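This report walks through the overall form of one protein model, a few backbone features in its loops, and one packing of two helices. Please keep the sequence and the structure in view while reading.

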Amino acid sequence: MKGIVLAGGSGTRLHPVTQVVSKQLLPVYDKPMVYYPLSVLMLAGIRDVLLISTPADLPLFRRLFGDGSHLGLNIDYTVQHEPNGLAEAFVIGADFIGDDSVALVLGDNIFYGQGFSKLLQRSARELDGCTLFGYSVRDPQRYGVGETDSSGRLVSLEEKPSQPRSDKAITGLYFYDNEVVDIARSLTPSARGELEITDINSEYLKRDRARLTELGRGYAWLDTGTHESLLEAGQFVQVLENRQGVRIACLEEIALRMGYISAEACYELGAGLAKSGYGQYVMEVARSVADAPAPD
């Protein structure tokens with residue numbers, strides 16, 4: 001499975017702070033926002049990643065991540081010149097996707113939960129068409145909403161319904177088989193002038209090949225599109241990290257624990273950031289893994 005991080009757009013709801021920098025490069029407590037969606041792809045076992053952003057912002061992401069090899073990844077970059085809809089990611093990234101399945105994660109979405117990596121990897125293995133991830137919300141009328149049967153298979157999708165049939169909002173994480181490329185290419189722009197991700201999901205639903213995986217109690221899904229939600233996300237991360245003594249979306253730690261890099265390489269990455277608490281944490285993690293006894 002390949003992975004795409006869609007980090008474009010102009011972030012108008014966060015003006016004036018996003019008038020000079022991409023929303024996805026703003027800090028969410030102790031790390032750039034884009035670390036969180038990239039960590040989701042890494043936890044799913046994905047190592048080939050395409051980052052899509054604007055012409056102005058793409059050099060900044062390239063400066064941040066390079067080719068990804070220091071994290072055991074292969075990161076490519078490409079431009080979305082105009083915000084023409086989420087589904088355009090599959091048209092822009094068609095050559096990158098090739099014959100593989102693909103995961104799309106939005107650059108301003110944050111996911112957290114115990115066992116999340118196992119859930120993602122199982123969803124990737126069992127993918128048959130399209131897998132969406134649902135999250136119960138108090139105000140489903142603000143979101144795309146999915147209704148499922150007892151087996152978890154989608155039976156309906158509604159975009160911002162006035163009378164929602166369920167409370168399951170469709171989050172900004174999507175798994176698709178390779179047919180998504182042809183489906184995206186066949187779409188016509190909506191009244192908003194965009195290629196809509198909902199139209200892709202609806203096509204899979206028509207084919208009876210769409211499934212909704214619920215992120216239940218114990219999981220958190222945060223959208224950081226407004227000043228208030230950005231502040232709340234930072235506070236959420238701060239509280240968890242300070243209480244538990246672990247770092248959420250620490251890419252170096254994930255790369256180490258997924259076996260993408262060695263403890264020595266992880267330590268060197270932390271040493272390059274040693275003046276920050278983040279860098280010191282990375283070094284401590286690397287030391288603890290290096291000192292752990294070998295399994296029997």
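Between which two strands does the loop with Pro16 lie? In this predicted model, Pro16 belongs to the loop that runs between strand 1 (2-6) and strand 2 (27-28).

## A cis peptide bond

The residue is worth locating for its backbone, since the peptide bond from His15 to Pro16 is cis, with an omega near 10 degrees.

## Positive phi outside glycine

Two residues that are not glycines are described here for their backbone angles. Tyr29 has a positive phi of about 60 degrees, and this residue is placed in the loop between strand 2 and strand 3 (31-32). Its relative accessibility is 37%, a value between the limits of 20% and 50%, and Tyr29 therefore counts as partly exposed.

Asp208 likewise carries a positive phi of about 60 degrees although it is not a glycine, and the loop in which Asp208 is found connects helix 7 (197-206) with strand 12 (210-215). Because its relative accessibility is 48%, Asp208 counts as partly exposed.

## Helix 6 against helix 7

Two packed helices are described by the angle between their axes and by the distance between those axes. For helix 6 (residues 179-186) and helix 7, the axes come within 10 Å and cross at roughly 120 degrees, which makes helix 6 oblique to helix 7. The crossing in which helix 6 passes helix 7 is right-handed.

On the side of helix 6, the contact is made by Glu179, Val180, Ile183 and Ala184, while helix 7 contributes Ile200, Glu203 and Tyr204. Sorted by character, the residues of this contact comprise 5 nonpolar and 2 charged ones, with no polar residue.

## The protein as a whole

The secondary structure of the protein amounts to 11 helices and 13 strands. Along its principal axes, the C-alpha trace spans about 55 × 50 × 40 Å. A compact globule of 296 residues would have a radius of gyration near 19 Å, and because the protein has 19 Å, the value agrees with that expectation.

Of the 296 residues in the protein, 51% are buried. When contacts with a separation of 6 or more are considered, 75% of them are accounted for by residues 24 or more positions apart in the protein.

Conventions. Residues are numbered from 1 along each chain as its sequence is written. This is a predicted model: local features need pLDDT of at least 70, side-chain atom pairs count only at pLDDT 80 or more; totals for chains, interfaces and linings use all residues. Side-chain values use heavy atoms; hydrogens and water are left out. Helices (H or I, at least four residues) and strands (E, at least two) are DSSP runs, numbered from the N terminus. Buried means under 20% relative accessible area, exposed over 50%, partly exposed in between (1.4 Å probe, protein chains only). Axes are lines fitted to C-alpha atoms, for helices over the stretch in contact, and angles run from 0 to 180 degrees between N-to-C directions. Angles under 35 degrees count as roughly parallel, over 145 as roughly antiparallel, 65 to 115 as roughly perpendicular and the rest as oblique. A crossing is left-handed if the near helix is turned anticlockwise from the far one by less than a right angle, and right-handed if clockwise. Contact means heavy atoms within 4.5 Å. Ala, Val, Leu, Ile, Met, Phe, Trp, Tyr, Cys and Pro count as nonpolar, Asp, Glu, Lys and Arg as charged, and the others, Gly among them, as polar. The radius of gyration is taken over C-alpha atoms; the globule rule is 2.2 Å times the number of residues to the power 0.38.
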